[in-house]
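Q: I have a model open and would like to talk through its sheets, its chain contacts and a few backbone details. Could you take me through it?

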Amino acid sequence: MAQASIASVRGLVQVLQSIRSHQKLPCAVTFEPDTGLSLRFLDGGHAMQSGISLSISVFSSFQAPASITFFVPLSILLEAISTVASSMPHEIHLQYPGPDSSLLITTTEDASARTSICSYAKVATLAHHDLSSLDDMWDLQDACSQVILSGLLLREAIEDLEWTNGEVEFVLKRSPMHFALQSIKQQSLEITFPVHALDGFSCHAEEVRASYKYKHLKAAFTHVAQKEAWSAKIAISSRGVLRVTHMLTLAGGGPLAPLEAQPLLGTLTSQGHAQRTCVSKFVILPHEEERDGFCGDDD
Amino acid sequence: MSVRFTLVDRQLKLLKHGLQSLQKIGNELLLEALPARIVLRTINSSLSAYLSVTYNADFFDSYDVLDCTVVQAGLLMKHVLSVFRTQKVSKILFDLNTASCKATITLHCENGLVKSYKLPTMDSEILQATVDKQQFAVRLTAETAAILRLLSSFHAGLEEVTIVALPDGIDRPVHVNSFIDPQKGHVDKSLYTSVQVEPTETFLSYVNSADEATDVTVNLKDFKAMLSLCENLGTHIKLCFDSPGNPLVAEPHFPHAHGQQDVDYEAELILSTLLESHGGPAAEAAAAGARAAAAGLWAAPGGGDLRTPGGAGIYQVDSPGGTNVPTVLNGSGGPVGRTSGRSAELGQSPALAMAGRSFPGATVARPSSAAAGQSRFARDESRQQQGQDPVPAPGQQQQQVQQQVQQQQQQQQRSRPSGLIDDGSAWRTTNTAGGGQQVQQQVQQQQQPVGLNPLGGDAGPLPEVSWDDEEMPDREEAVPEAIPDAVPSSPPMDPLPTSTLAPGAMM
């Protein structure tokens with residue numbers, strides 16, 4: 001049996017909302033004894049994968065004797081956690097397998113609270129699905145271009161690009177350093193990011209261009225509810241596959257588990273910051289008209 | 001041909017407020033850039049409201065009109081306003097190039113993002129309205145907040161209000177009343193509000209040079225567009241109106257400006273008004289008293305012409321391509337309508353008048369993309385565009401007027417709205433006798449050959465007319481032929497009772 005307790009209930013809900021989807025499709029939940037809890041989700045069009053990684057350090061307690069993976073509908077999982085967490089409990093507990101092989105979610109109030117309310121939810125699990133890893137869509141052998149910048153800027157840019165209602169093109173230029181997003185239809189919008197905001201910029205070619213469907217970018221950038229600035233890394237492979245990594249901070253919570261080593265984006269962070277950080281990742285295939293004809297409608 | 005300008009800081013907010021107010025009137029932004037200024041205009045789909053906001057060249061950080069003397073283009077309002085959704089913008093660059101049919105708006109945001117919007121332009125007809133406000137009888141200036149407080153007395157769903165100006169000497173001579181369209185029904189069930197205002201206590205200035213009561217009925221939502229602009233600009237508001245059928249003009253009044261040169265932007269809202277008077281019992285009482293005092297001064301020539309002074313006709317406009325089209329002339333050979341010092345440098349633009357409502361003296365051109373409205377004040381757009389004779393058959397006119405008679409008679413039979421203070425006065429007899437006779441005369445007019453009464457209320461779209469001198473008197477000589485017959489035969493009204501409200505108080 002795998003169990004995990006987390007005190008940062010509000011933070012957990014916010015992080016899970018960053019990969020929310022209206023599609024009633026399964027997501028894979030994995031308890032890893034070494035690395036913590038992860039969720040993976042593949043959208044209906046098989047053009048985007050999303051996932052969350054919560055390291056052991058963000059939990060107040062974590063037990064997983066072996067690697068356990070089960071499947072639950074993502075939308076129902078998020079709804080269940082949001083519902084039991086709506087009363088802002090002291091802690092939230094996840095346990096698998098629960099009764100009838102379900103995922104059991106329970107909450108406990110603070111010992112000093114005047115009322116003691118225990119809420120619980122049982123989420124029925126699904127049969128095993130063949131859900132590939134996020135990294136399977138990303139070929140490590142491919143050369144890639146990458147840049148690290150503020151997630152707030154990216155979210156604002158993607159929200160503005162909804163205006164054109166068209167595909168969004170990422171444009172990176174090596175010299176002079178240039179990163180922009182543009183969408184061209186009857187009306188067009190181009191958003192250029194300030195050079196001083198671009199960290200770790202590298203471009204594998206003189207100019208790199210790749211287009212993606214707006215709905216995938218909206219899912220990857222605009223569902224992060226965090227108000228404080230966070231770092232986001234964008235990488236585009238030579239085949240045009242886009243990988244987005246958000247370093248999110250869990251808000252609230254009580255005492256933390258002992259700090260573990262956190263290789264986060266190759267940068268050093270403060271110990272307290274590392275403990276509260278989780279990773280939200282998206283991999284998006286480029287938009288090509290031939291793919292649309294082959295794969296059909298995502299929805 | 002292109003126009004470019006840049007904006008920073010305070011100008012950004014002012015431009016945004018202007019665009020937001022324009023959006024409340026129409027869906028299409030008509031832009032006209034001249035070397036000295038840029039004018040943003042819009043008109044609503046029913047052609048009953050026209051708003052223009054003018055920014056002088058000094059308003060901008062930099063302003064250039066290149067390769068020509070005037071640039072004209074149309075833009076979709078929602079596209080332009082979507083540019084201003086971004087908060088915290090440090091600078092805006094606007095570049096409109098008619099050759100490429102694109103407007104490029106570049107935003108430099110405080111967070112470092114540079115957003116470049118490219119909007120397609122539309123080929124729209126030039127729009128311009130000129131009104132001689134100085135000839136209007138009633139002119140008032142008020143704090144915007146005072147007008148907003150006054151209008152807050154009316155329920156939120158009210159569509160139109162009637163502003164009544166009684167002659168000097170009457171206590172609280174300005175009334176603002178709800179107007180409920182009897183054609184829409186529910187007259188008896190609607191909330192009726194009347195606010196009586198003491199000008200000296202509410203307005204900053206008030207002038208009424210009319211000898212008798214006058215009133216105008218305007219759309220409240222359109223009027224509030226100018227109020228919100230004045231509120232955002234931090235200015236007072238100035239209103240000018242005259243008589244039913246003549247437009248109401250509203251514009252910001254800058255309290256600290258000493259002249260036109262102190263202000264680098266201005267705005268003007270022209271609202272059409274109902275042709276019929278809806279002044280209510282107080283206005284009719286005042287009118288009856290004035291007529292009784294001035295008995296013998298009015299003559300009633302035959303024909304019962306109900307046209308408002310100034311008249312109007314069908315106009316056509318100069319297209320952006322510069323083709324000349326004929327304008328309809330009045331009897332003196334000049335363009336119909338009074339002019340003011342606000343005529344554009346391009347000269348008089350002929351206008352379209354509207355059945356039921358008109359802009360006598362105001363010339364307004366309709367953009368080609370404006371949709372034909374179905375309001376009772378709209379013209380038959382499709383027939384006009386096709387160049388067909390827009391005049392309905394005489395049989396149809398007869399039917400319409402007979403319907404009017406029936407509606408009037410039904411209205412007269414209704415009891416007066418509840419909640420109104422019972423002063424035992426005008427609800428007794430005035431509406432019954434006068435209204436019916438007035439409409440009977442209208443029926444007679446409609447039986448006359450087409451073209452003699454283009455402003456016959458809701459009788460239908462205006463025909464193309466040519467005006468003879470005899471049919472087009474000057475304003476000073478205007479003789480309301482029907483009015484003496486419309487005077488009720490009832491005895492003079494008792495003076496209105498003193499209200500329990502404090503002077504200048506608002507309901």
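A: What follows is a conversation about this structure, which is a predicted model.

Q: Let's begin with the sheets: which strands make up the sheet of 9 strands, and in what order?
A: The order is β15(A)-β11(A)-β12(A)-β13(A)-β9(B)-β8(B)-β7(B)-β1(B)-β5(B), in an open sheet whose pairing is antiparallel. Its edge strands, each paired on one side only, are β15 (207-212) of chain A and β5 (62-66) of chain B. Ignoring direction, neighbouring strands in this sheet are turned against each other by 15° on average.

Q: And how does β13(A) connect to β9 of chain B there?
A: β13(A) and strand β9 (residues 114-120) of chain B run antiparallel and are joined by 5 bridges. Within that pairing, A:Glu190 stands opposite B:Ser116 of β9(B).

Q: What holds strands together in a sheet, generally?
A: In general, the strands of a sheet pair through backbone hydrogen bonds, and they may do so in the parallel or the antiparallel sense.

Q: Staying in chain B, how many bridges are there between β8 and β9?
A: Strand β8 (residues 102-109) of chain B pairs with β9(B) over 7 bridges, in the antiparallel sense. One bridge pair there is B:His108 with B:Val114, the latter lying in β9(B).

Q: What about the sheet of 5 strands in chain A?
A: That one is also described as an open sheet with antiparallel pairing, and its strands follow the order β5-β1-β7-β8-β9 in chain A. At its edges, pairing on one side only, are β5 (61-63) and β9 (119-123) of chain A, while the twist from one strand to the next averages 15°.

Q: Can we zoom in on β1 and β5 of chain A; which way do they run, parallel or antiparallel?
A: They run antiparallel, with 3 bridges joining strand β1 (residues 2-6) of chain A to β5(A). A:Ala4 is placed opposite A:Phe62, which belongs to β5(A).

Q: Which helices lie across these strands?
A: Helix α3(A) lies across β11 (168-173), β12 (178-184) and β13 of chain A together with β9 of chain B, and it runs at about 20° to β12(A). In chain B, helix α1 (residues 9-25) lies across β1 (2-8) and β7 (89-97), running at about 115° to β1(B).

Q: Switching to the interface, how many residues does each chain give to the contact?
A: Chain A contributes 14 residues and chain B contributes 15 residues. About 1300 Å² is buried between the two chains, with carbon and sulfur atoms giving 50% of that area. On the chain A side, A:Glu156, A:Asp160 and A:Trp163 lose the most area to chain B, together accounting for 35% of what that side buries.

Q: Which charged and polar pairs cross it?
A: The rule finds 2 salt bridges across the interface of chain A and chain B, including one in which the side chains of B:Lys115 and A:Glu156 meet at 2.7 Å, N to O. There are also 7 residue pairs in polar contact across this interface.

Q: Which elements of chain A give two or more residues to that side?
A: They are α3 (151-161) and β13 (188-192) of chain A, and β13(A) gives the most, with 5 residues. By residue type, the chain A side divides into 6 nonpolar, 4 polar and 4 charged.

Q: How many salt bridges are there over all chains?
A: The search of the whole structure finds 13 salt bridges. One of them is between B:Lys133 and B:Glu268, whose closest N and O atoms are 3.2 Å apart. This pair links distant parts of the chain, 135 residues apart, with B:Lys133 in the loop between β9 and β10 (138-142) of chain B and B:Glu268 in strand β18 (residues 265-271) of chain B.

Q: Last topic, the backbone: where are the cis peptide bonds?
A: A cis bond joins A:Tyr96 and A:Pro97, with omega about 0°, and A:Pro97 lies in the loop between β7 (91-96) and β8 (103-108) of chain A. The bond from A:Ser175 to A:Pro176 is cis as well, with omega near -10°, and A:Pro176 is found in the loop between β11 and β12 of chain A.

Q: And what is the phi of B:Asp9?
A: B:Asp9 has a positive phi of about 45° although it is not a glycine, and this residue lies in helix α1 of chain B. For context, most residues other than glycine have a negative phi, and most peptide bonds are trans.

Notes. Residues numbered from 1 in each chain as written. Chains lettered and ligands numbered in written order. Predicted model: local features only at pLDDT ≥ 70, side-chain atom pairs only at ≥ 80, totals over all residues. Heavy atoms only, no water. Pairing = 2+ DSSP bridges. Helix = DSSP H or I, 4+ residues; strand = E, 2+ residues; numbered from the N terminus. Axes fitted to C-alpha atoms, helices over the stretch in contact; angles between N-to-C directions. Contact = heavy atoms within 4.5 Å. Buried area = accessible area lost by both parts, 1.4 Å probe. Salt bridge = Lys/Arg side-chain N within 4 Å of Asp/Glu carboxyl O. Polar contact = N/O pair within 3.5 Å; in protein donor to acceptor, adjacent residues only side chain to side chain. Nonpolar A, V, L, I, M, F, W, Y, C, P; charged D, E, K, R; others polar.
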